[in-house]
Amino acid sequence: VEQGARLRRGAAQIIGVDTNAEKYDKAKKFGVTKFVNPKDRDKPVQEVIAEMTNRVDSSIECIGSTTAMISAFECVNDGWGVVVLVGVPNKDDAFKTLPINLLNERTLEGALIGKVLYSCSPRNQQGIRTHA
């Protein structure tokens with residue numbers, strides 16, 4: 001995911017988010033430039049990322065946690081932000097967000113089996129990976 005963000009999307013900044021800080025060194029080898037551990041923060045990770053970057057252009061959720069999915073969705077830019085959900089949640093889990101988050105023209109995509117190709121604005125290319 002990290003290499004795809006850097007190589008295919010040209011992301012200047014890739015933020016890894018994981019509760020296991022030991023993954024940061026390995027993630028750096030694949031292109032992660034910053035790392036956020038939600039356990040080390042007093043606020044939701046989407047707020048931390050928004051403070052770090054003023055929101056991101058694209059976000060990929062990889063573990064199937066609805067909490068991580070919501071964080072990934074809420075940290076992308078209004079108007080052109082794209083989030084791709086790759087992780088598979090439990091069948092009874094619900095994805096809940098405020099309706100304004102959808103009305104602000106954020107794009108939500110998912111892939112259960114297979115790949116998703118998308119394009120987003122070249123403005124300030126920043127990528128994010130949530131929870132490896």
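The following exercises, each with a worked solution, concern a predicted model of a protein.

**Exercise 1. Overall architecture**

Determine how many helices and strands the protein has and in what pattern they follow one another.

Solution. The first step is to count the elements: the protein has five helices and six strands. The second step is to read them along the sequence, which gives the pattern α-β-α-β-α-β-α-β-α-β-β. The third step concerns burial and contacts. Of the 132 residues in the protein, 43% are buried. Among contacts between residues at least 6 apart in sequence, 63% join residues at least 24 apart.

**Exercise 2. The largest nonpolar core**

Identify which residues of the largest nonpolar core touch the most other members, and which elements each supply at least two residues of this core.

Solution. The core has 14 residues, and those touching the most other members are Ile15, Val17, Val36, Val45, Ile49, Val56 and Val83. At least two residues of this core come from each of strand 1 (13–17), helix 3 (45–53), helix 4 (66–74) and strand 4 (82–85).

**Exercise 3. The setting of helix 4**

Establish which residues of helix 4 are buried, and explain why the helix is described as largely enclosed.

Solution. Begin with the individual residues: Thr66, Ala68, Met69, Ile70, Ser71, Ala72, Phe73 and Glu74 are buried in helix 4. These amount to eight of its nine residues, and helix 4 is therefore largely enclosed by the rest of the structure. Next, place the helix among its neighbours: together with strand 3 and strand 4, helix 4 makes a right-handed β-α-β unit.

**Exercise 4. Strand 3 and Glu61**

Describe how strand 3 is covered and paired, and state what the side chain of Glu61 reaches.

Solution. Start with the two faces of strand 3. Ser58 and Ile60 lie on one side, Ser59 and Glu61 on the other, and all four are buried, which leaves both faces covered. Then consider the pairing: strand 3 and strand 4 run parallel and are joined by four bridges.

Now turn to Glu61, which belongs to strand 3 (residues 58–61). Its partner across the pairing is Leu85 in strand 4. Glu61 has a relative accessibility of 0%; because buried means under 20%, Glu61 is classed as buried. Finally, follow the side chain of Glu61 to its polar partners. One of its polar atoms lies 2.8 Å from the backbone nitrogen of Ile63. The side chain of Glu61 also reaches the backbone nitrogen of Ser65, at 3.4 Å.

**Exercise 5. Val88 and its contacts**

Decide whether Val88 is buried or exposed, and list which residues it contacts beyond its neighbours within four places in sequence.

Solution. Val88 sits in the loop between strand 4 and helix 5 (99–103). Its relative accessible area is 51%; because the exposed class begins over 50%, Val88 is exposed. With neighbours within four places in sequence left aside, Val88 is in contact with Ile63, Gly64 and Leu112. A further distance can be added: the C-alpha atoms of Val88 and Ser65 are separated by 7.7 Å, although these residues are 23 apart along the chain.

**Exercise 6. Asp18 in its loop**

State where Asp18 is found and which polar partners its side chain has.

Solution. Asp18 belongs to the loop between strand 1 and helix 2 (23–29). With 5% relative accessibility, Asp18 counts as buried. A polar atom of the Asp18 side chain lies 2.7 Å from the backbone nitrogen of Asn20. The side chain of Asp18 also makes a polar contact with the side chain of Lys23, at 3.4 Å.

**Exercise 7. Cysteines and positive phi values**

Give the number of disulfides, the accessibility of Cys62 and Cys75, and the location of Asn54 and Glu105.

Solution. The disulfide count is zero, with a cut-off of 2.5 Å between cysteine sulfur atoms. Cys62 is partly exposed at 22% relative accessibility, whereas Cys75 is buried, with a relative accessible area of 1%.

The backbone angles come next. Asn54, in the loop between helix 3 and strand 3, has a positive phi, near 60°. Asn54 is exposed, with a relative accessible area of 63%. Glu105, in the loop between helix 5 and strand 5 (107–110), has a positive phi near 65°. Glu105 is exposed, with a relative accessible area of 55%. Neither residue is a glycine.

Definitions and conventions:
Residues numbered from 1 in each chain as written. Predicted model: local features only at pLDDT ≥ 70, side-chain atom pairs only at ≥ 80, totals over all residues. Heavy atoms only, no water. Core = buried A, V, L, I, M, F, W, Y, C linked by side-chain atoms within 4.5 Å. Buried < 20%, exposed > 50% of the residue type's maximum accessible area, 1.4 Å probe, protein only. Polar contact = N/O pair within 3.5 Å; in protein donor to acceptor, adjacent residues only side chain to side chain. Contact = heavy atoms within 4.5 Å. Pairing = 2+ DSSP bridges. Right-handed = clockwise from strand over helix to strand, strands pointing away.
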